[in-house]
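Here's a short set of exercises to work through with the model open in your viewer. Try each task before you read the solution.

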Amino acid sequence: MKLPRRQFLHLAAGAAALPVVSRFATAQTYSARPITLVVPIAAGGAVDTAARIIAEKLQEKLQQPVVAENRPGAGSVIGTNFVAKAAPDGHTLLLMEPGAVLARWLNKTVPFDVTSDFSPIAMIANSPLVLFAHPSVAFHDLKGLIAYSKANPRTLSVGTPGRGTPHHLAAAWLNTAAKIDITHVPYRGAAPALNDLLGGQIPLIWASPVAVMPFVEQRKVKALAVSTQQRDRLLPQVPSVSESGVLGFDTANWFGVAGPARMPPEIVARVGKAIREATELPEVQKRMSTLGLNFDFRDSNQFRELIIKDHQKYGAIIREAGIQPE
């Protein structure tokens with residue numbers, strides 16, 4: 001049946017408006033309930049504190065409640081999987097950190113695929129790792145450590161905050177890249193590893209620099225090398241691992257925000273914009289700086305590229321190091 005021209009134009013205009021109405025309805029629904037930012041690691045520490053800073057500022061920018069909620073366990077798998085299985089409506093977000101990209105390589109079974117089960121929203125910051133030594137060791141830099149380890153295989157050990165952490169991967173990577181054999185000693189957190197280093201129970205640790213800086217200044221700890229290609233602003237005198245002869249070595253503890261896969265693009269864009277604006281605030285930059293964090297904002301596509309790249313890179317390192325999944 002042929003419709004009168006006026007009626008046809010009215011129906012056509014209504015049909016054209018449907019996507020706009022749908023997007024408006026999505027935005028309204030998104031604003032109706034609180035947002036939970038799941039932190040898959042234990043409370044305390046720089047990254048957890050940063051998550052609460054971001055949640056606070058997102059609440060201001062989005063003008064709706066944002067609550068940071070810790071769901072630790074199984075090397076961050078529990079909290080990460082919780083978000084992967086959540087409804088993709090933007091109300092459940094994840095503070096994603098390297099544990100998500102390591103999970104597949106360190107566990108026999110993992111209930112999510114980090115490359116396909118998430119909607120990356122924005123990367124926020126990173127923190128380099130530093131190899132620290134007890135002042136009693138016979139070497140003063142990484143080149144000396146490598147020479148000592150080759151001459152005295154299996155006599156050194158290095159502490160980290162735990163199995164499957166970026167610190168553990170740094171230790172494994174250094175072993176394979178420098179062709180040395182330093183025993184990995186996993187602790188339950190950074191604090192006990194540092195305590196044992198200070199007490200002389202262990203000669204080396206990989207750690208974030210901010211917590212160890214006071215002991216470096218008191219000459220109770222020696223800083224040997226930085227894990228990133230660039231030197232750390234807190235320790236500008238300390239060369240990178242790559243500068244010290246282990247070319248290509250580059251790893252850091254990073255974090256960003258992601259949601260479940262298939263989140264509406266407009267919500268991804270809205271939250272990403274709010275995160276970018278929050279990280280540009282002088283107050284936030286100052287608070288993050290005191291935690292030893294370096295801002296490294298990346299948008300959704302750039303963050304996705306990092307996740308895929310690190311997932312592949314760490315998988316290769318773990319295989320070469322012979323680390324078996326548990």
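**Exercise 1. Work out what share of the contacts with a separation of 6 or more links residues 24 or more positions apart, then describe the chain overall.**

Step 1: count contacts, meaning heavy atoms within 4.5 Å. Residues 24 or more positions apart make up 78% of the contacts in the protein chain with a separation of 6 or more.

Step 2: check what you're working with. This is a predicted model, where local features need pLDDT of at least 70 and side-chain atom pairs count only at pLDDT 80 or more, while totals for chains, interfaces and linings use all residues. Residues are numbered from 1 along each chain as its sequence is written, and side-chain values use heavy atoms, with hydrogens and water left out.

Step 3: list the elements. The protein chain has 11 helices and 11 strands; these are DSSP runs numbered from the N terminus, helices being H or I with at least four residues and strands E with at least two.

Step 4: get the extent and the surface. Along the principal axes, the C-alpha atoms fit a box of roughly 90 × 40 × 30 Å. The chain exposes about 15500 Å², and 55% of that comes from carbon and sulfur atoms (Shrake-Rupley method, 1.4 Å probe; for residues, only the protein chains shown count as cover). Of its 326 residues, 49% count as buried, where buried means under 20% relative accessible area, exposed over 50% and partly exposed in between (1.4 Å probe, protein chains only).

**Exercise 2. Find the volume of the largest pocket and say which residues line it.**

Step 1: set up the search. On a 1 Å grid over the protein atoms alone, a pocket is an open set of points with protein on both sides within 12 Å along at least five of seven lines, a cavity is a set where a 1.4 Å probe fits but cannot get out, and lining residues have an atom within 4 Å of a point. Points are joined across faces, edges and corners, and the volume is the space filled by probe spheres set on them.

Step 2: read off the result. The largest pocket holds about 1200 Å³ of space. Its lining has 44 residues, with Ile-41, Pro-161, Thr-165, His-167 and Gly-189 closest to the centre.

Step 3: sort the lining. H4 (99–106) is among the elements that supply at least two residues, and H4 gives the most, with four. By class there are 24 nonpolar, 15 polar and five charged residues. (Ala, Val, Leu, Ile, Met, Phe, Trp, Tyr, Cys and Pro count as nonpolar, Asp, Glu, Lys and Arg as charged, and the others, Gly among them, as polar.)

**Exercise 3. Repeat this for the second largest pocket.**

Step 1: the volume is about 410 Å³.

Step 2: 22 residues line the second largest pocket, and Asn-126, Thr-228, Asp-250, Ala-252 and Arg-298 lie nearest its centre.

Step 3: strands E4 (118–128), E10 (252–260) and E11 (294–298) and helix H11 (300–321) each bring at least two residues, with H11 supplying the largest share, seven. The classes split into six nonpolar, seven polar and nine charged.

**Exercise 4. How many cavities of 30 Å³ or more does a search of the whole structure find?**

Step 1: the search finds one, with a volume of about 50 Å³.

Step 2: among the residues lining this cavity are Leu-131, Leu-145, Asn-175 and Trp-206. H6 supplies the largest share, three residues.

Step 3: the lining has eight nonpolar, one polar and no charged residues.

**Exercise 5. Which residues does Arg-233 touch, and which backbone oxygens does its side chain reach?**

Step 1: place Arg-233 in the loop between strand E9 (222–226) and E10. Arg-233 is partly exposed, at 41% relative accessible area.

Step 2: not counting residues up to four places away in sequence, Arg-233 touches Ser-289, Gly-292, Leu-293 and Asn-294.

Step 3: look for polar contacts (N or O atoms within 3.5 Å; within protein, one must be able to donate a hydrogen and the other to accept it, and residues adjacent in sequence count only if both atoms are side-chain atoms). The Arg-233 side chain reaches the backbone oxygen of Ser-289 at 3.3 Å, and one of its polar atoms lies 3.2 Å from the backbone oxygen of Leu-293.
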